[in-house]
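This report considers the interior of one protein model. Please look at the sequence and the structure before reading on.

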Amino acid sequence: MVSVDLRALTQPVGIMRVMATITTCLCFVLVATVGYNWSPYWAWCMFTWCFCFFFTLLILILEFTTVSQKLPFAWDDFTAGFAILACLLCLSTSIMYPTFFTCSTCHRQIGASVVSWVCLAIYVGEVVFTRLRPRGEIIGFLSTLPGIMKMLETFLACLIFISLDSSRYSRSPELQWCVAVYSLCFIFALLIILLTLGQLTTRLPFPFEIPVIVYNILAAVMYATAMVMWPLYSFYNTKRPVDCERVCWWDKLVMVTIMTIFNFLVYTVDSGYSIYLVSIQNTQGAAAPEPIN
């Protein structure tokens, strides 16, 4: 039986979600009225605002109708993780769009840029409110440091994908290896997020932490190779063209290089932290007193 819960719209988090829905829609409308742009960064900005608008509105509807209480996965974990992801997405668009697509006389573009920063502030506020819980209370995987790092890894991979140009790596086996690294790591990180969010890890016949640690270490090593090979084979005897505009193919190569370095660092920290957590659990398990018969 579906009922109505007005608190989904009147509580502070609900009010922030309503404001986020309005601001993301406003950003999309302002940019759409300017006209289409063939840049992948423009498409990324539009996707971000549409994605955040759709899922924020969906969350509002599901909580208002109390359908969220009947879903077969950790709803609080999903909403907290989405708010963090929305912060990352809005941060990227708030930097990317004004950098590449605004000018001193572009009033609608400037307006969209300002509203995007407002939207980022709203999602940051939602993250703060969703994490203000009693000490010791854990929402779920996506609200923990390993979950946040997993979302950051997939987010940085998406920035890499929108910066890739097939004409630049299609004839180079070394660069194709780098693209394979980005793709494989993205797929497995997303799979880990979905398995954990769907609470399917407890049904596995082995501890889920062990394959995750192995994956994190392998991903860090693979990204280390890409971190060396991508700039080495991309910029060899290649300088920035004189006629390069605000963003051209050379700038995209730089973007991929920077994001590769960042993702290598995130995977390295993720690997070390995962090993630390498992070692702490093993230590506490070994130190536990034996039951008295």
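## Pocket, core and one loop residue

In this predicted model, the lining of the second largest pocket consists of 17 nonpolar residues and two polar ones, with no charged residues. The pocket encloses about 500 Å³ of space. Its lining comprises 19 residues, of which Phe51, Leu85, Thr154, Leu190 and Ile193 are the closest to the centre. Four helices, listed below, each contribute at least two residues to this lining.

| Helix | Residues | Contribution to the pocket lining |
|---|---|---|
| α3 | 40-64 | at least two residues |
| α4 | 75-101 | at least two residues |
| α6 | 145-163 | at least two residues |
| α8 | 173-197 | at least two residues |

The next topic is the nonpolar core. In soluble globular proteins, nonpolar side chains tend to be buried together. Here, the largest nonpolar core contains 71 residues, and Tyr123, Tyr223 and Trp230 have the most contacts inside it. The helices that each supply at least two residues of this core include α2 (12-34), α5 (107-131), α9 (209-234) and α10 (249-287). The largest share, 14 residues, comes from α4.

Which residues does Trp230 touch, leaving aside those up to four places away in sequence? They are Leu164, Leu175, Cys178, Val179, Tyr182, Leu253, Val256 and Thr257.

Finally, one residue of a loop deserves attention. Thr66 is located in the loop between α3 and α4. Most residues other than glycine have a negative phi. Thr66, although not a glycine, has a positive phi of about 60 degrees. Is Thr66 buried or exposed? Thr66 counts as buried because its relative accessibility is 6%, and the cut-off for buried is under 20%.

Conventions. Residues are numbered from 1 along each chain as its sequence is written. This is a predicted model: local features need pLDDT of at least 70, side-chain atom pairs count only at pLDDT 80 or more; totals for chains, interfaces and linings use all residues. Side-chain values use heavy atoms; hydrogens and water are left out. On a 1 Å grid over the protein atoms alone, a cavity is a set of points where a 1.4 Å probe fits but cannot get out, and a pocket is an open set with protein on both sides within 12 Å along at least five of seven lines; lining residues have an atom within 4 Å of a point. Grid points are joined across faces, edges and corners, and a volume is the space filled by probe spheres set on the points. Ala, Val, Leu, Ile, Met, Phe, Trp, Tyr, Cys and Pro count as nonpolar, Asp, Glu, Lys and Arg as charged, and the others, Gly among them, as polar. A nonpolar core is a set of buried Ala, Val, Leu, Ile, Met, Phe, Trp, Tyr and Cys residues joined through side-chain atoms within 4.5 Å. Buried means under 20% relative accessible area, exposed over 50%, partly exposed in between (1.4 Å probe, protein chains only). Contact means heavy atoms within 4.5 Å.
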